[in-house]
Amino acid sequence: MRFLTFLLVVPVILYCLDALLPRAYIFDPARLQELSKESIAAANGNTTVLFEHLTDSLRKEYGEKHINKLDKDAWFFNNAGGAMGAMIILHASLTEYLILFGTPLGTEGHSGVHLAHDYFTILEGQQKRLIAGNHTADIYNPGDQNWLPRGWNSQYQLEGWALELAQGWIPSMLVFGFLDTFSSTLDIGNLWKTIWLTAKDMIGQLLVGKI
Ligand SMILES: *[C@@H]1O[C@H](CO)[C@@H](O)[C@H](O)[C@H]1NC(C)=O
Ligand SMILES: *[C@@H]1O[C@H](CO)[C@@H](O)[C@H](O)[C@H]1NC(C)=O
């Protein structure tokens with residue numbers, strides 16, 4: 001009987017928590033796209049200037065306590081779904097992350113299937129995306145934003161840089177971000193950096209009241 005009650009109650013609790021999740025969000029995808037467009041225009045083709053301009057305006061818009069400074073040592077690699085790129089965490093909490101991600105070399109892979117919505121704003125270069133069933137790719141250029149709804153999958157190719165926002169159950173996404181270390185790269189130093197920087201931000205955000 002107790003077990004039955006448990007089986008009934010847990011899904012209800014999870015359902016309620018899930019419905020409350022958006023209340024914890026601070027980022028607005030449309031605003032991120034506007035800020036990205038302003039920075040693209042201001043940078044005039046210089047990637048370094050673009051990242052600095054965008055980070056500064058994000059820190060002004062959302063507050064310095066929620067957005068990290070750009071620090072060259074805080075960049076690391078991400079291998080996931082067969083794709084590889086460099087990234088830096090601007091914000092990571094239990095319900096949202098905001099990162100700069102990409103590579104000038106070009107990469108291609110599986111998006112993963114996540115318990116989170118994913119908004120990808122192209123800053124430089126181009127992203128191509130294939131949804132199964134389509135026969136032509138969707139193409140995104142600087143200033144364009146695409147949305148991969150929670151639970152969807154896609155094949156993507158990125159040559160350039162993007163601002164990526166994820167909103168949902170962020171800890172559930174981390175497994176996808178870690179697994180290639182064990183099946184492929186064995187880059188334990190990079191894995192340690194990923195875990196350390198993510199945990200540091202998530203705990204730091206909890207301490208300032210951001211779930
Ligand atoms: C981009 O801007 C930075 C900082 O102003 C400068 O050091 C660098 O040389 C520029 N890069 C190019 C390719 O112009
Ligand atoms: C691919 O499929 C999605 C979802 O059905 C649709 O929104 C999009 O317009 C399609 N793109 C192309 C290039 O056919």
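In this predicted model, strand E1, helix H4 and helix H5 each supply at least two residues to the lining of the second largest cavity, and H4 gives the most, with four residues. That cavity has a volume of about 80 Å³, and the structure holds two cavities of 30 Å³ or more. The points below take up the cavities, then the open pockets, then the nonpolar cores and finally the salt bridges.

**The two cavities**

- The residues that line the second largest cavity are Phe77, Asn78, Asn79, Gly177, Phe178, Thr181, Thr185, Asp187, Asn190, Leu191 and Thr194, and by class they comprise three nonpolar, seven polar and one charged.
- The largest cavity has a volume of about 510 Å³, and of the 30 residues that line it, Asn78, Tyr97, Ile99, Glu164 and Met173 are the closest to its centre.
- At least two residues of the lining of the largest cavity come from each of strand E1 (76-80), strand E2 (83-92), strand E3 (96-110), strand E4 (116-130), E6, E7, helix H4 (170-185) and helix H5 (188-207).
- Helix H4 provides the largest share of the lining of the largest cavity, with six residues, while the lining as a whole divides into 17 nonpolar, 10 polar and three charged residues.
- Asn78 belongs to the lining of the second largest cavity, and Asn78 is also among the residues closest to the centre of the largest cavity.

**The pockets**

- The largest pocket has a volume of about 230 Å³ and is lined by 17 residues, of which Asn68, Ile89, Leu197, Lys200 and Asp201 lie nearest its centre.
- Two elements, E2 and H5, give two or more residues to the lining of the largest pocket, and that lining divides by class into seven nonpolar, five polar and five charged residues.
- The second largest pocket, with a volume of about 180 Å³, is lined by Thr47, Thr48, Phe51, Glu52, Leu70, Asp71, Lys72 and Trp75.
- Sorted by class, the lining of the second largest pocket has three nonpolar, two polar and three charged residues.

**The nonpolar cores**

- The largest nonpolar core has 21 residues, and those with the most contacts inside it are Leu32, Leu58, Leu98, Leu100 and Leu163.
- Two or more residues of this core come from each of H2, H3, E2, E3, E4 and E7, with H3 giving the largest share, five residues.
- If its neighbours within four places in sequence are left aside, leucine 100 is in contact with Phe51, Leu54, Leu70, Trp75, Ala86, Met87, Ile88, Leu90, Leu123, Ala162 and Leu163.
- Another core lies apart from the largest one and has 20 residues, among them Ala92, Ile99, Ala116 and Ile122.
- Three of the contacts of leucine 100, namely Phe51, Leu70 and Trp75, also appear in the lining of the second largest pocket.

**The salt bridges**

- The model has five salt bridges, and one of them joins the side chains of aspartate 18 and arginine 150, with a distance of 3.0 Å from N to O.
- Aspartate 18 lies in helix H1 (residues 2-20) and arginine 150 in the loop between strand E6 (145-148) and strand E7 (155-168), so this salt bridge ties together parts that are 132 residues apart in sequence.
- Both partners are partly exposed, since aspartate 18 has a relative accessible area of 24% and arginine 150 one of 32%.
- Glutamate 61 forms a salt bridge with arginine 31, in which the closest N and O atoms are 2.9 Å apart.
- Glutamate 61 lies in helix H3 (residues 47-62) and arginine 31 in helix H2 (residues 29-43), so this pair ties together parts that are 30 residues apart in sequence.
- Glutamate 61 counts as partly exposed at 36% relative accessibility, and arginine 31 likewise counts as partly exposed at 24%.
- Arginine 59 forms a salt bridge with glutamate 64, where the closest N and O atoms are 3.5 Å apart; arginine 59 counts as buried at 14% relative accessibility, whereas glutamate 64 counts as exposed at 57%.
- Through salt bridges that share partners, Arg31, Glu34 and Glu61 are joined into one network.

Technical notes
Residues are numbered from 1 along each chain as its sequence is written. Chains are lettered from A and ligands numbered from 1 in the order in which they are written. This is a predicted model: local features need pLDDT of at least 70, side-chain atom pairs count only at pLDDT 80 or more; totals for chains, interfaces and linings use all residues. Side-chain values use heavy atoms; hydrogens and water are left out. A salt bridge is a side-chain nitrogen of Lys or Arg within 4 Å of a carboxyl oxygen of Asp or Glu. Buried means under 20% relative accessible area, exposed over 50%, partly exposed in between (1.4 Å probe, protein chains only). On a 1 Å grid over the protein atoms alone, a cavity is a set of points where a 1.4 Å probe fits but cannot get out, and a pocket is an open set with protein on both sides within 12 Å along at least five of seven lines; lining residues have an atom within 4 Å of a point. Grid points are joined across faces, edges and corners, and a volume is the space filled by probe spheres set on the points. Ala, Val, Leu, Ile, Met, Phe, Trp, Tyr, Cys and Pro count as nonpolar, Asp, Glu, Lys and Arg as charged, and the others, Gly among them, as polar. A nonpolar core is a set of buried Ala, Val, Leu, Ile, Met, Phe, Trp, Tyr and Cys residues joined through side-chain atoms within 4.5 Å. Contact means heavy atoms within 4.5 Å.
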